[in-house]
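Biologist: Please take a close look at one part of this model for me, the charged pairs, and then work outward from there. I'd like to follow along on the screen.

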Amino acid sequence: GITLGPSHIGLLASVGKTQIKVTRKPKIAILATGDELITIKEKMEIGKLRNSNSYALYDQIRKCGGLPKDLGIAKDNEKDLKKNIKRGLDCDLIITSGGVSMGDYDLVKIVLTDMGMKTKFWKVAMKPGKPLLFGLLNKIPVFGLPGNPVSSMLGFEIFVRPAIMKMLNQKEKENTEIEAISLEKLKKKKGLRYFLRAQTNWKNNKYVTRTTGPQGSGILKSMTLANSLIILSEKEELVKKGQKVKVKFLR
């Protein structure tokens, strides 16, 4: 359960250990989906979006100890989705991005089910990231993350990252969640757990926090400015300025 660092390596060398048993890094496939997606090198056109999710997920996987395998972009048709998902069957875990909601072109769940995936859950009472899918395909865990960039990253942080940590026999670090004073008034709807991108700091012997601005699930800048998430429970509707809130630090 320990990540080996320079001091561990030096200690092992000092006692003459040339080999030790370690947990293998899991190989994790990433597949972006959507007819609207283009690569980052293609010329932008009306109605198109550059594929940013694969790059963000790639780095999230790498940072928590996995070995990412980028499967590229699959079109919104069953044949292309099935062909590309099959390319990830040599991996320990598969992540798809997009195509898991209820639109006419959201075919990922349909294709995975047709391929034999046993769905464990679909849709989560959270915002952003509600249309999240999880199942087992040939005993391989599959996470279907939403296509919006922030929803994709938060779905990874809340659900996928703990799964990778488990595969690596790693334990969650302590003190990743704390209480902080909200520096602003926050409103939300009942029934969903909100994860608001925030900047949290230690000031005057206490933690204080505020959101990073507009919180739309397509606003990737809200993640780049954040060092933490304000977590508002399903029952909450209003947080007053100066009230305590739960905060989870991002890694």
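**Charged pairs and what surrounds them**

Modeller: Let's start with Lys82, which counts as partly exposed at 27% relative accessibility. (On this scale buried is under 20% relative accessible area, exposed is over 50%, and partly exposed is in between, using a 1.4 Å probe and protein chains only.) Before going on: this is a predicted model, in which local features need pLDDT of at least 70 and side-chain atom pairs count only at pLDDT 80 or more, while totals for chains, interfaces and linings use all residues. Residues are numbered from 1 along each chain as its sequence is written, and side-chain values use heavy atoms, with hydrogens and water left out.

Lys82 has a salt-bridge partner in Asp114, with the closest N and O atoms 2.6 Å apart. That pair links distant parts of the chain, since Asp114 belongs to helix H4 (residues 108-114) and Lys82 to helix H3 (residues 78-86), 32 residues apart. (Helices are DSSP runs of H or I with at least four residues, strands are runs of E with at least two, and both are numbered from the N terminus.) Asp114 is exposed, at 52% relative accessible area. A salt bridge here is a side-chain nitrogen of Lys or Arg within 4 Å of a carboxyl oxygen of Asp or Glu, and by that rule the count comes to 11.

Next, find Arg251, which is salt-bridged to Glu157 with the closest N and O atoms 2.3 Å apart. Again the partners come from distant parts of the chain: Arg251 is in the segment after E16 and Glu157 is in helix H5, 94 residues apart. Arg251 is partly exposed at 42% relative accessibility, whereas Glu157 is buried at 10%.

A third pair is Arg193 with Glu234, whose side chains meet at 3.3 Å, N to O. Arg193 sits in strand E12 and Glu234 in the loop between E14 and strand E15 (238-239), so this salt bridge ties together parts that are 41 residues apart in sequence. Arg193 is partly exposed at 36%, and Glu234 is also partly exposed, at 27%. Lys27, Lys69 and Asp90 are joined into one network by salt bridges that share partners.

That third pair leads to strand E14 (residues 228-232), where five of five residues are buried. In a regular strand, side chains alternate between the two faces of the sheet. In E14, Ser228, Ile230 and Leu232 point one way, Leu229 and Ile231 point the other way, and all are buried. E14 runs antiparallel to E12 (residues 193-203), joined by five bridges, and antiparallel to E16 (residues 244-249), joined by four. (Two strands pair if DSSP finds at least two bridges between them.) Ile230 makes a handy landmark: Leu196 stands opposite it, and Val247 in E16 is opposite Ile230 as well.

Helix H5, home of Glu157, takes us to the largest pocket. H5 (149-167) supplies at least two residues of its lining, as do helix H2 (53-63) and helix H6 (221-224), and the largest share, five residues, comes from H5. In total 30 residues line the pocket, with Lys63, Cys64, Gly65, Arg161 and Met165 lying nearest its centre. (A pocket is an open set of points on a 1 Å grid over the protein atoms alone, where a 1.4 Å probe fits, with protein on both sides within 12 Å along at least five of seven lines; lining residues have an atom within 4 Å of a point.)

Finally, some backbone spots to check. The Lys127 to Pro128 peptide bond is cis, with omega near -5°, and Pro128 is in the loop between strand E7 (126-127) and strand E8 (133-137). Asn138 has a positive phi near 55° without being glycine, and it lies in the loop between E8 and strand E9 (140-145). Lys139, in the loop between E8 and E9, has phi near 70°, also positive in a residue other than glycine. Asn138 is exposed at 55%, and Lys139 is exposed at 79%.
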